[in-house]
Amino acid sequence: MFKNLSRIMIMLLSVVLLAGGILPRVGDAQEKNESIYNDNNVASTVLTVDDTMTVSEQYTIINEYLSNPNVEELIVLDESLLEENIDIENDTNTKARAIINQYKVQNVRGGPDVTGSSGLATSIGGPGVVLVIKQTKSVATTVSANFGASNAALSGSIGWSVTGTTSVAISGTFKVPSKVNGKSVKSLKFTAYPVYKTKLYDVYKMPWNSFSWSKQGTGTAKKAYGIAFKKVYTYK
């Protein structure tokens, strides 16, 4: 995920953090005064990376952002992880159809990014402790339902192998502060979660004894392409 990176684009940053000049600046990186809020109403900082910076340079940038105690969630995305060479295939052909149902996958469109609910790595410690997460995890690509279509047909239309995995590198370091916003810190839970790109798709079926297509349902495909670093403080 973090191979050879030299240009970092900050796609979305918290308005509060930007306005206060809290976040470090990264060369000529573009900044947008927008905020993303998760289900707990915590503002997220989002970095989108490319493949023109070295691994060590990228880790330095990530840790600069993590070092800010006010950044409670840092999301790092790498769109190169979405690139796969998949041939388009549908279960539609002109061979004899005796007792053979046909399926096709259509209307593939983008959905919202989703953060996984299960952590890939966690570190916990008190004030002064340096928490380190550094490992590589294999995260499975999934589909919610196939509605009778083959995996090959789904993979070909969606553009990802629906039975494949993504190797995601995780590397983050954070020293637990003694105070945050005037509150005394007792401990911190530092966790890395997978972030998925999603696509929606429709599956249609032509029964063997018919010449008309009928929609069977709409499914969702998810492929990992980033990491969400989350900090959860416990106060005294």
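Visitor: What is the relative accessible area of Lys215?
Guide: This is a predicted model: local features need a pLDDT (the predictor's confidence in each residue, from 0 to 100) of at least 70, side-chain atom pairs count only at pLDDT 80 or more, and totals for chains, interfaces and linings use all residues. Residues are numbered from 1 along each chain as its sequence is written, and side-chain values use heavy atoms, leaving out hydrogens and water. Buried means under 20% relative accessible area, exposed means over 50%, and partly exposed lies in between (1.4 Å probe, protein chains only). Lys215 counts as partly exposed, because its relative accessible area is 45%.

Visitor: Which side chain meets Lys215 in a salt bridge at 3.6 Å?
Guide: A salt bridge puts a side-chain nitrogen of Lys or Arg within 4 Å of a carboxyl oxygen of Asp or Glu. At 3.6 Å from N to O, the partner of Lys215 is Asp202.

Visitor: How many residues apart in sequence are the parts tied together by Asp202 and Lys215?
Guide: Helices (H or I, at least four residues) and strands (E, at least two) are DSSP runs, numbered from the N terminus. Asp202 is in strand S12 and Lys215 in strand S13, so the parts this pair ties together are separated in sequence by 13 residues.

Visitor: Which residue is linked with Asp202 and Lys215 in a network of salt bridges?
Guide: Asp202 is buried, at 4% relative accessible area. The third residue of its salt-bridge network, beside Lys215, is Arg109.

Visitor: Where is Glu84, the salt-bridge partner of Lys223?
Guide: The closest N and O atoms of Lys223 and Glu84 are 2.8 Å apart. Lys223 lies in strand S13, 139 residues away from Glu84, and Glu84 is in the loop between S4 and S5.

Visitor: What is the relative accessible area of Lys223?
Guide: Its partner Glu84 is partly exposed, at 29%. Lys223 is buried, because its relative accessible area is 3%.

Visitor: How many aromatic pairs does a search of the whole structure find?
Guide: Rings of Phe, Tyr and Trp (its six-membered ring) pair if their centres lie within 6.5 Å. Planes under 30 degrees apart count as stacked, over 60 as edge-to-face and the rest as tilted. The search gives a total of three.

Visitor: What kind of pair do the rings of Phe174 and Phe190 make?
Guide: Their centres are 6.4 Å apart. Their planes stand at 50 degrees, so the pair is tilted.

Visitor: What kind of pair do Tyr233 and Tyr235 form?
Guide: Their ring centres are 5.9 Å apart. Their planes meet at 25 degrees, so the pair is stacked.

Visitor: Which residue is linked by ring pairs with Phe174 and Phe190?
Guide: Both Phe174 and Phe190 are buried. The cluster's other member is Phe229.

Visitor: What residue has its charged end over the ring of Phe174?
Guide: A charge sits over a ring if NZ of Lys or CZ of Arg is within 6 Å of the ring centre and within 35 degrees of the ring normal. At 3.8 Å from the centre of the Phe174 ring lies the charged end of Lys231.

Visitor: Which element gives the largest share of the largest nonpolar core?
Guide: A nonpolar core is a set of buried Ala, Val, Leu, Ile, Met, Phe, Trp, Tyr and Cys residues joined through side-chain atoms within 4.5 Å. The largest one has 29 residues, and those touching the most other members are Leu74, Ile170, Phe190, Ile227 and Phe229. Elements giving two or more residues include helix H2 (55–66) and strand S8 (130–140). The largest share, five residues, comes from S12.

Visitor: How many residues of H3 are buried?
Guide: They are Ala153, Leu154, Ser155, Gly156, Ser157 and Ile158. Contact means heavy atoms within 4.5 Å, and the elements covering these residues include S5, S9, S12 and S13. H3 is largely enclosed by the rest of the structure, because of its eight residues the buried ones number six.

Visitor: What is the phi of Phe147?
Guide: Most residues other than glycine have a negative phi. Phe147 sits in the loop between strand S9 (142–143) and helix H3 (151–158). Though not a glycine, Phe147 has a positive phi of about 55 degrees.

Visitor: Over which residues is the pLDDT below 50?
Guide: The protein chain averages a pLDDT of 81, and 77% of the residues score at least 70. The pLDDT is below 50 over residues 2–39.
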